[in-house]
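Good morning. I will take a few minutes to walk through one protein, and I will begin by putting it on the screen.

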Amino acid sequence: KRTEGLSTTTLLNRMLGGQSGHLCGMLATTQRLLDFGPDPSQRPRNPDNVVYLAGDWDLFNAGHVEVLWHAAQFGTLVVGVFDDIVAEEVLGEVPIYALMERVMCVLPMRCVADVIIGAPKLVTTEFVAALNIRTVFGHCDVDGVRIEPPRVPSLTRQILVQRVRDSRGEYVVRNETCIAKEQSYVSNKSFVEE
């Protein structure tokens with residue numbers, strides 16, 4: 001069964017400038033979010049050593065995985081996913097994935113204990129206290145919190161987008177074929193129990 005609203009065709013179309021992630025067709029239900037994550041008993045838990053790392057997580061890739069596993073070595077990792085407005089501010093352009101698509105990319109990571117959906121850009125004293133955060137990757141002006149520089153990933157969103165745009169002709173031809181199939185699927189889809 002395919003994940004509703006997520007397809008390579010749609011993703012490539014967004015990277016080539018056809019539409020933004022804000023027009024996401026994915027239905028993010030609480031059950032779907034629960035299903036995307038690993039069994040809660042498998043998630044790391046140590047409330048006395050919470051590590052926080054926030055980001056846009058757009059075009060989730062091997063570089064993101066590398067950064068998350070690195071951060072998780074410091075304690076129980078809570079990951080913040082910026083909402084679309086903050087992500088656009090950070091990226092300098094509209095994110096390719098919508099908020100819930102980005103959340104569903106981070107959720108399955110075994111090293112991630114929890115995900116903050118629509119995380120704030122600034123880490124405040126109240127935020128640190130609410131989550132019992134001991135270490136922050138990135139900027140934080142809260143006393144008593146250890147600051148770690150964020151790890152620079154070997155693969156980035158910008159590299160991926162440039163690769164697709166450099167091969168624009170190939171992807172446009174591919175998508176022309178796939179769009180018709182996808183539209184047929186959407187027109188004829190029926191309920192499939194998950």
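How many helices and strands does the protein have? There are eight helices and five strands. Please keep in mind that this is a predicted model. Reading from the N terminus, the order of the elements is α-α-β-α-β-α-α-β-α-β-β-α-α.

Now some totals. The protein has 194 residues, and 42% of them are buried. Its accessible surface is about 10700 Å², with 54% of that belonging to carbon and sulfur atoms. If we take the contacts between residues at least 6 apart in sequence, 72% of them join residues at least 24 apart.

Next, the cysteines. A disulfide is a covalent bond between the sulfur atoms of two cysteines. How many disulfides does a search of the whole structure find? The result is zero. Two cysteines to look at are Cys105, which is partly exposed at 22% relative accessible area, and Cys140, which is buried at 9%.

On to the salt bridges, of which the structure holds five. I will go through three, starting with Arg157 and Asp58. Their side chains meet with an N to O distance of 2.6 Å. Arg157 belongs to helix α7, residues 157-166, while Asp58 sits in the loop between β1 and α3, so this pair ties together parts that are 99 residues apart in sequence. Is Asp58 buried or exposed? Asp58 is buried, and Arg157 is too.

Arg157 has another partner. It also forms a salt bridge with Glu93, where the closest N and O atoms are 2.8 Å apart. Glu93 lies in the loop between α4 and α5, 64 residues away from Arg157 in the chain. Why does Glu93 count as partly exposed? Because its relative accessibility is 33%, and that class covers values between 20% and 50%. Arg157, in contrast, is buried because its relative accessible area is 5%, under the 20% cut-off. Through shared partners, the salt bridges join Asp58, Glu93 and Arg157 into one network.

The third salt bridge is between Lys121 and Glu89, at 2.4 Å from N to O. Here Lys121 is in the loop between β3 and α6, and Glu89 is in helix α4, 32 residues apart. Lys121 is partly exposed, with a relative accessible area of 43%.

Last, back to the loop between α4 (84-91) and α5 (99-106), which also holds Pro95. At 2% relative accessibility, Pro95 is buried. Its C-alpha atom is 8.9 Å from that of Ile85, ten residues apart along the chain.

Terms used: Residues numbered from 1 in each chain as written. Predicted model: local features only at pLDDT ≥ 70, side-chain atom pairs only at ≥ 80, totals over all residues. Heavy atoms only, no water. Helix = DSSP H or I, 4+ residues; strand = E, 2+ residues; numbered from the N terminus. Buried < 20%, exposed > 50% of the residue type's maximum accessible area, 1.4 Å probe, protein only. Contact = heavy atoms within 4.5 Å. Areas by Shrake-Rupley, 256 points an atom, 1.4 Å probe, with all protein chains shown as cover. Disulfide = S-S within 2.5 Å. Salt bridge = Lys/Arg side-chain N within 4 Å of Asp/Glu carboxyl O.
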